[in-house]
Amino acid sequence: MSVKHTERKRLGFFLLLAVAILLMATGVAMLIRIFAHYNELNLDRQDQQLQDMAAASDKSIAIQLDNIGEDLSYVLTRRGFVQAEAQWLESGDSDNLLFRMQENLVGQNPLIQSLLAIRDGRILLSTDGRTDYTFPFPSDRSAPQPCSAGDGTIYLALFRQTEHLEYAALIDLGALYDDLCQIDLNDSSRLMLLGTHEKLLLHQWEGECRVTAMEELTDANCDVQAVRYMLESRNSGQRITASYPLVYPDSTFVHEMRMTVIPLQECVNGYFIVGLTSDYDEIILPMHTAAVQLMIFAGMTIIGAVLLLALAVRLLYRGRQQDRELLRLKQRSEEIRRLLEKTQELAHHQRLETIGTLTASIAHEFNNLLTPIMGYSILTLEGLPEGADDLADNVTEIYEASRKAKTIISRLSDLSRRNTELTFRRLSLDDVVRRALDVAAPARPAHVEVATSLACGEQMISGNETQLSQLLLNLIINAFHAMEDTGGTLTLTTEADGGGVILRVADGGCGIPPEAMPHIFEPFFTTKESGRGTGLGLAIVQQVAAAHSADLRAESTPGEGTVFTLRFPPAGEGNPADS
């Protein structure tokens with residue numbers, strides 16, 4: 001019997017050991033599979049990051065070129081510049097015109113190398129005194145084009161015309177490219193810009209920013225494979241994302257590169273095809289090292305666990321009697337623990353009841369104090385005069401501190417489930433509009449009229465009065481500012497609509513430019529001058545509308561005014577108050 005018992009113990013031990021080894025092998029296989037899946041996800045994230053950075057670089061180029069073009073157009077229409085041009089055409093005295101060209105544009109923008117005055121394709125004047133510039137594509141003036149100087153330097157020319165002359169601003173491509181690399185890229189990415197006419201390439205090579213003519217590109221001074229992908233994208237009009245090997249001169253190490261190309265049809269800059277490369281080895285090699293280390297550590301852990309399991313099995317057969325006694329002691333200990341848990345649970349419920357009662361009272365009082373502080377902070381901020389930046393910062397700090405305090409109070413209120421910022425009840429929107437107009441009355445300019453047509457009747461909505469008041473105050477104050485110079489009428493109307501309520505806030509002010517309309521609800525976006533707004537008003541309006549399941553629309557015509565329309569669902573229909 002003793003021999004059979006010993007054999008059974010040995011068999012059980014080896015069976016447990018085999019199971020442990022099987023689990024260890026399965027764990028290693030799962031680690032390898034997880035790591036491969038993680039590599040795929042990381043490649044997708046890398047590609048998306050490259051595409052986002054390429055789009056950001058494209059937008060930065062467009063902004064730079066648009067700014068230079070707008071500055072050039074503005075300078076050419078200034079009275080002093082027009083007079084200087086007429087004086088030169090009449091008398092041949094070019095000093096005043098050259099002074100205007102240098103002072104107003106070249107001297108103000110470090111990206112502009114020179115400004116040329118051209119007539120009938122011939123360069124008559126330049127701010128740097130040189131007239132040996134040539135344009136390879138003289139017939140194309142609608143878009144930027146390359147310009148070659150007599151010393152072989154290549155610039156990018158932007159053209160604008162007056163009644164008598166044509167002007168070209170020559171952009172220093174090296175300075176432009178250097179700015180883009182510093183602003184939009186991380187340390188592992190490289191930006192490549194290919195001109196539409198395939199005349200020049202802006203790229204980085206061995207740590208240097210270069211502007212290279214296409215006919216001069218070789219494997220020794222450029223990533224030629226990346227250029228081929230850019231040309232392929234230009235010909236197909238499609239985005240390209242690809243991997244390829246790259247070996248730098250005087251090196252045998254093969255870099256695994258990843259590239260994305262945005263074709264000209266999708267670029268907004270109008271001239272450059274944008275490409276972005278990244279050394280994938282800089283990302284994947286540390287991951288491989290970490291994976292190997294992880295598998296080694298996991299193996300050591302599993303081996304240690306196996307050894308501990310063997311020791312535990314050995315001790316198990318030796319301590320059966322002790323285990324029975326321990327089991328009895330555990331049972332008694334469990335009974336005592338349950339008794340203590342019941343006692344602690346009763347005391348805990350009593351404390352929660354006390355905290356809930358106290359929290360409800362404190363939260364209600366603090367909400368009543370913080371709401372006017374936040375409201376009048378917004379009114380004060382919107383009413384500050386131009387140039388009061390320090391005072392605007394102070395008022396913003398008051399508002400932010402109040403908002404954070406209100407968030408804390410809201411969390412406290414959640415303990416008692418009442419009097420919180422998210423509490424909704426049945427409201428008459430007409431009453432909320434009247435109270436908001438009373439609060440905003442001190443900010444109304446003297447030559448602005450207010451007209452109301454409140455026709456909700458008995459139709460109610462589910463809402464939070466504090467949030468709705470904040471929404472209305474933001475729209476009313478914005479309308480006052482829009483009509484501050486020209487005057488006009490602010491019209492607020494409400495009407496019942498199929499069980500819901502429609503609110504319209506219309507002004508006769510200056511309106512919103514079309515290019516700004518897609519961004520008006522973005523936080524911190526504002527068309528007001530410095531010190532007159534924070535860009536938070538309409539973002540808060542959109543947030544409150546979303547919290548009330550309201551449909552928010554904005555329509556604006558420059559010079560005629562702006563209309564904001566909100567449709568609130570009836571109480572009980574898709575509203576947080578009823579969920």
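Buried means under 20% relative accessible area, exposed means over 50%, and partly exposed lies in between, with a 1.4 Å probe and protein chains only as cover. By that rule, 39% of the 579 residues of the chain count as buried.

This is a predicted model, in which local features need pLDDT of at least 70, side-chain atom pairs count only at pLDDT 80 or more, and totals for chains, interfaces and linings use all residues. Residues are numbered from 1 along each chain as its sequence is written, and side-chain values use heavy atoms, with hydrogens and water left out.

**Start with the whole chain**

Color by pLDDT, the predictor's confidence in each residue, from 0 to 100. The chain averages 80, and 82% of the residues score at least 70. Next, show the cartoon. There are 11 helices and 18 strands. These are DSSP runs numbered from the N terminus: helices are H or I with at least four residues, strands are E with at least two.

Select helix H6, residues 281-318. Among the elements of the chain, H6 has the lowest mean pLDDT, 69. Strand S18, residues 561-568, has the highest, 94. Then select residues 414-421. Here pLDDT stays under 50. The model has 21 contacts for this stretch beyond four places in sequence; a contact means heavy atoms within 4.5 Å.

Turn on the surface. The accessible surface of the chain comes to about 32,200 Å², and 55% of that belongs to carbon and sulfur atoms. Such areas come from the Shrake-Rupley method with a 1.4 Å probe; for residues, only the protein chains shown count as cover.

**Stop 1: helix H1**

Select Leu15, Val19 and Leu23. Together they make a nonpolar surface patch of about 300 Å². Patches are made of residues with over 30% relative accessible area and no salt bridge; nonpolar side chains (Val, Leu, Ile, Met, Phe, Trp, Tyr) are joined within 5 Å, like charges within 9 Å. Leucine 23 lies in helix H1, residues 2-77. Is leucine 23 buried or exposed? Leucine 23 is exposed, at 57% relative accessible area.

**Stop 2: the loop after S2**

Go to phenylalanine 137. The residue sits in the loop between strand S2 (122-126) and strand S3 (145-148). Phenylalanine 137 is partly exposed, with a relative accessible area of 27%. Add cysteine 147, 10 residues apart from phenylalanine 137 along the chain; their C-alpha atoms are separated by 8.8 Å.

**Stop 3: strands S9, S10 and S11**

Select strand S10, residues 255-262. This strand is mostly covered, with seven of its eight residues buried. Now add strand S9, residues 240-246. Seven bridges join S9 to S10, and the two run antiparallel. Two strands pair if DSSP finds at least two bridges between them. Add strand S11, residues 272-279, which pairs with S10 in the antiparallel sense over six bridges.

Pick threonine 260 in S10. Threonine 241 stands opposite threonine 260. Which residue in S11 does threonine 260 stand opposite? Leucine 276.

Move to glutamate 232 in helix H5, residues 224-236. Glutamate 232 is partly exposed, at 43% relative accessible area. Its C-alpha atom and that of proline 263 are separated by 9.2 Å, with their places 31 residues apart along the chain.

**Stop 4: salt bridges**

Side chains of opposite charge can pair when their charged atoms come close. A salt bridge is a side-chain nitrogen of Lys or Arg within 4 Å of a carboxyl oxygen of Asp or Glu. The structure holds 13.

Select arginine 239 and glutamate 266. Their side chains meet in a salt bridge, 2.6 Å from N to O. Arginine 239 lies in the loop between H5 and S9, and glutamate 266 in the loop between S10 and S11, so the pair ties together parts that are 27 residues apart in sequence.

Next, take arginine 435 and glutamate 465. The salt bridge here is 2.7 Å, N to O. Arginine 435 is in helix H9 (residues 429-440) and glutamate 465 in helix H10 (residues 465-482), so the pair ties together parts 30 residues apart in sequence.

Then select aspartate 497 and arginine 567. Their closest N and O atoms are 3.1 Å apart in a salt bridge. The pair links distant parts of the chain: strand S15 (residues 488-497) holds aspartate 497, strand S18 holds arginine 567, and they are 70 residues apart.

Finish at Arg130, Asp132 and Asp151, which are linked in a network of salt bridges.
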